[in-house]
Amino acid sequence: MTVTNHRTPEATTTPAWSGINHLAPITADMDATVRFYHGVLGARLAATVGTAEFRHYFFEFGPHCTVAFFEYADLTIEPFSKPAGVPDRRATQFDHLALNLPDEDALHGLRRRLAQADCEVTDIVEHNSVHSVYFTDPNGIALEASCWVRDVTGRTSDYDDEQIYSDPNPVLAVHELRTTGTLATAPSTRLG
């Protein structure tokens, strides 16, 4: 196994990320959202904010990791549902939220819990390094619960490991990382 470990000036000056602080989706019914995320999924309601304009409720999914819903006053939203991983022209910037579980037993337990709550949930799907189930929250947001079979996080990148980097036709940036360990230029953040 070839381990690529190219330390560059950019690599030593990048932020020391420690995960996602929160994802902030919108709900039309915060009560139903609390009942699902806290009651069914078992995510602790970690904090609430309320103003005349909005509510903002935080659900904990691990240390320093929350999903924080907004419910806006006097705003009618029309939620729609779409299965995770299925293209839909209404969802141009977000496909689904995948939540991490520690192991296969926890994944089976969540699947049973969702079924007992009359929530439609898929069978366990095997995706090489990850096993997952798919379901939808009361807001129509496509969710996935996953556990790593082979955890690809917290390790040195080996871009030659075809089990992890399995795209047979990767983008140019991956070729650059594979050959030099760095990217030649930063991409433009402006999308047109």
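**Notes on the predicted model**

1. Let me start with the strand pair that caught my eye: β7 and β8 are joined by seven bridges and run antiparallel. Keep in mind throughout that this is a predicted model. Within this pair, Y134 sits across from E144 of β8. The hairpin linking the two strands has five residues between them, and G140 there adopts a positive phi near 85°.

2. β8 has another partner too: β5 pairs with β8 over four bridges, this time in the parallel sense. Here A98 has E144 of β8 as its bridge partner. So E144 turns up twice, opposite Y134 and as the bridge partner of A98. As for its surroundings, β8 is largely enclosed by the rest of the structure, because six of its seven residues are buried.

3. Now for the overall layout. The protein chain has four helices and eight strands, and read from the N terminus the order is α-β-α-β-β-β-β-α-β-β-β-α. Of its 192 residues, 29% count as buried. The accessible surface is about 13,100 Å², with carbon and sulfur atoms contributing 53% of that. Looking at contacts with a separation of 6 or more, 49% are between residues 24 or more positions apart.

4. Which strands sit at the edges of the four-stranded open sheet? The order is β1-β4-β3-β2, with mixed pairing, and the edge strands are β1 and β2, each of which pairs on one side only.

5. A closer look at β2 and β3 is worthwhile. Strand β2 covers residues 44-50 and β3 covers residues 54-62; the two are antiparallel and share six bridges. Three residues make up the hairpin connection from β2 to β3. Two facing pairs help in finding the register by eye: R44 is opposite E60 of β3, and V49 is opposite H56 of β3. As a reminder, strands of a sheet pair through backbone hydrogen bonds, either parallel or antiparallel.

6. Helix α2 deserves its own point. Where do its buried residues M30, T33, F36, Y37 and V40 lie around the axis? These five are buried, and they lie on the same side of α2 because they cover an arc of only 160° around the axis. The cover over the buried residues of α2 includes β3, β4 (65-72), α3 (104-116), β7 (130-136) and β8 (142-148). Among these elements, β3 belongs to the open sheet, while β8 is the strand that pairs with β5 and with β7.

7. Last, the surface. I26, Y72 and L75 make a nonpolar patch of about 260 Å². I26 is in the loop that runs between β1 (22-23) and α2 (30-40), while L75 is in the loop between β4 and β5 (97-100). Are these two loop residues buried or exposed? Partly exposed is the answer for I26, because its relative accessibility is 40%. L75 also counts as partly exposed, because its relative accessibility is 47%. If you are browsing around L75, have a look at F54 as well: the two are 21 residues apart in sequence, with their C-alpha atoms 9.6 Å apart in space.

Definitions and conventions. Residues numbered from 1 in each chain as written. Predicted model: local features only at pLDDT ≥ 70, side-chain atom pairs only at ≥ 80, totals over all residues. Heavy atoms only, no water. Patch = residues over 30% accessible without salt bridge, like charges linked within 9 Å, V, L, I, M, F, W, Y side chains within 5 Å. Areas by Shrake-Rupley, 256 points an atom, 1.4 Å probe, with all protein chains shown as cover. Salt bridge = Lys/Arg side-chain N within 4 Å of Asp/Glu carboxyl O. Buried < 20%, exposed > 50% of the residue type's maximum accessible area, 1.4 Å probe, protein only. Pairing = 2+ DSSP bridges. Arc of directions from axis to C-beta. Contact = heavy atoms within 4.5 Å.
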